[in-house]
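Me: I've got this model open and I'd like a close look at one part of it. Could you walk me through that part and then set it against the rest of the chain?
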Amino acid sequence: MGQLQFQQLQLRTLGLGPYNSYSYMISQLELGKPEERRKPEKRVNGIFWIILLNIGIYVADHLFQVRGIRSLYLYHNWPAWYQFVTAMFCHANWNHLSSNLFFLYIFGKLVEEEEGNFALWLSYILTGVGANLVSWLILPRNTVSVGASGAVFGLFTISVLVKMSWDWRKILEVLILGQFVIEKVMEAAQASTALSGTFRGGNSLQSVNHIAHLSGALVGVVLVWLLSRVPSQPPNGEVSNSHRKKDRTL
């Protein structure tokens, strides 16, 4: 009995119709593929948790007006250490938040798909903290900093550099997308001027924090450069497969 006749007999015994038998055969072919030829499914979860955290803090701050949320803002005159982290999850108003979330989703998803969940969180935290730290060092003492704009520029830089090549189409794509990102993030930052002068001690909200944007992007460049200096090692599975191939050739 041939292989095809055996498969047809097997489908009859299972009681599968034409459509079900076709899907069954496809699934059997998929199972028969070698593991290295199957495309691994990457689950993207980290960026959604970052977005939900930003939205949750905004709702608690502006809708429910929970006491203590504004202590998470970065007050430059006397900052607490945790404010360099928490300020990147706070936003001045809805326009400020929605624009940042849009770009966070785009570039955060790219970073997570390319580098993984942990790399996304690490990139978001380090670029945001770096942007807030440089802003605190340079801007006046009566400034208040909020927003994820520094982290957005950092994630944008990382997502570009990890896929960068000297293909002119890639370079053109980066230039077009880059100027669009800068323009929209600047608009979101300008929308935060409505809260100027409403903070304790006469502190004022920094309307357009160019220092945070630039420093966040620079921190992203440094992160990619540092990671490029780390020697990459093949996974254990690849090492074992290579050893097996060598053994077979011997």
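The part I mean is helix α4, residues 83-86. Which residues is Q83 in contact with, leaving aside its neighbours within four places in sequence? And what do the rings of F84 and W136 do?

Reply: Happy to. Keep in mind that this is a predicted model.

Let's start with Q83, which sits in helix α4 (residues 83-86). Q83 is buried, since its relative accessible area is 3% and the cut-off for buried is under 20%. If you skip the neighbours within four places in sequence, Q83 is in contact with a run of residues, S71, L72, Y73, L74 and Y75, plus N132.

Now for the aromatic rings. A ring pair is described by how far apart the centres are and by the angle between the planes. The count for this model comes to eight aromatic pairs. One of them is W81 with Y82: the ring centres are 5.9 Å apart and the planes stand at 85°, so this pair is edge-to-face. W81 is exposed, at a relative accessible area of 71%, while Y82 is partly exposed at 31%. Another pair is the one you asked about, F84 with W136. Here the centres are 5.7 Å apart and the planes are at 85°, so the pair is edge-to-face. F84 belongs to helix α4 and W136 to helix α6 (residues 117-138), so this ring pair ties together parts that are 52 residues apart in sequence. F84 counts as buried at 12% relative accessibility, whereas W136 is partly exposed, with a relative accessible area of 24%.

Helix α4 also falls inside an annotated stretch. The unreviewed UniProt entry carries the annotation "transmembrane region" for residues 43-60, 80-106, 118-138 and 144-162. In the model, residues 80-106 are 63% helix and 0% strand, and the C-alpha atoms at the two ends lie 31 Å apart. For residues 144-162 the end C-alpha atoms are 33 Å apart, with 68% helix and 11% strand.

Stay with aromatics for a moment and you'll find a cluster: F102, F103, F107 and F156 are linked by ring pairs.

Helix α5 (residues 94-115) holds a salt bridge as well. K109 and E113 both lie in this helix, four residues apart, which is about one turn. Their side chains meet at 2.7 Å, N to O. Both ends are partly exposed: K109 has a relative accessible area of 24%, and E113 comes in at 28%.

The count of salt bridges is two, and one of them joins D61 and R70, with an N to O distance of 3.7 Å. D61 is buried, with a relative accessible area of 7%, while R70 counts as partly exposed at 31%. In the same part of the sequence there's a nonpolar surface patch of about 350 Å², made by L63, F64 and V66. L63 lies in helix α3 (residues 46-63) and is exposed, at a relative accessible area of 61%.

What about helix α6 from the other side? Look at I211, found in helix α9 (residues 210-229). Not counting residues up to four places away in sequence, I211 touches V134, S135, I138 and L139. The C-alpha atoms of I211 and A131 are separated by 7.3 Å, although these residues are 80 apart along the chain. I211 counts as partly exposed, at 27% relative accessibility.

Finally, the whole chain. The secondary structure comes to 10 helices and three strands, and from the N terminus on the order is α-α-α-β-α-α-α-β-α-α-β-α-α. Of the 250 residues, 36% count as buried. The accessible surface is about 16000 Å², and 62% of that area belongs to carbon and sulfur atoms. Take the contacts with a separation of 6 or more: residues 24 or more positions apart account for 76% of them. The F84 and W136 pair, 52 residues apart in sequence, is one example of a link between distant positions.

Technical notes
Residues numbered from 1 in each chain as written. Predicted model: local features only at pLDDT ≥ 70, side-chain atom pairs only at ≥ 80, totals over all residues. Heavy atoms only, no water. UniProt positions renumbered as here; feature names shortened; annotations may be inferred. Patch = residues over 30% accessible without salt bridge, like charges linked within 9 Å, V, L, I, M, F, W, Y side chains within 5 Å. Areas by Shrake-Rupley, 256 points an atom, 1.4 Å probe, with all protein chains shown as cover. Salt bridge = Lys/Arg side-chain N within 4 Å of Asp/Glu carboxyl O. Buried < 20%, exposed > 50% of the residue type's maximum accessible area, 1.4 Å probe, protein only. Contact = heavy atoms within 4.5 Å. Phe/Tyr/Trp six-rings, centres within 6.5 Å; stacked < 30°, edge-to-face > 60°.
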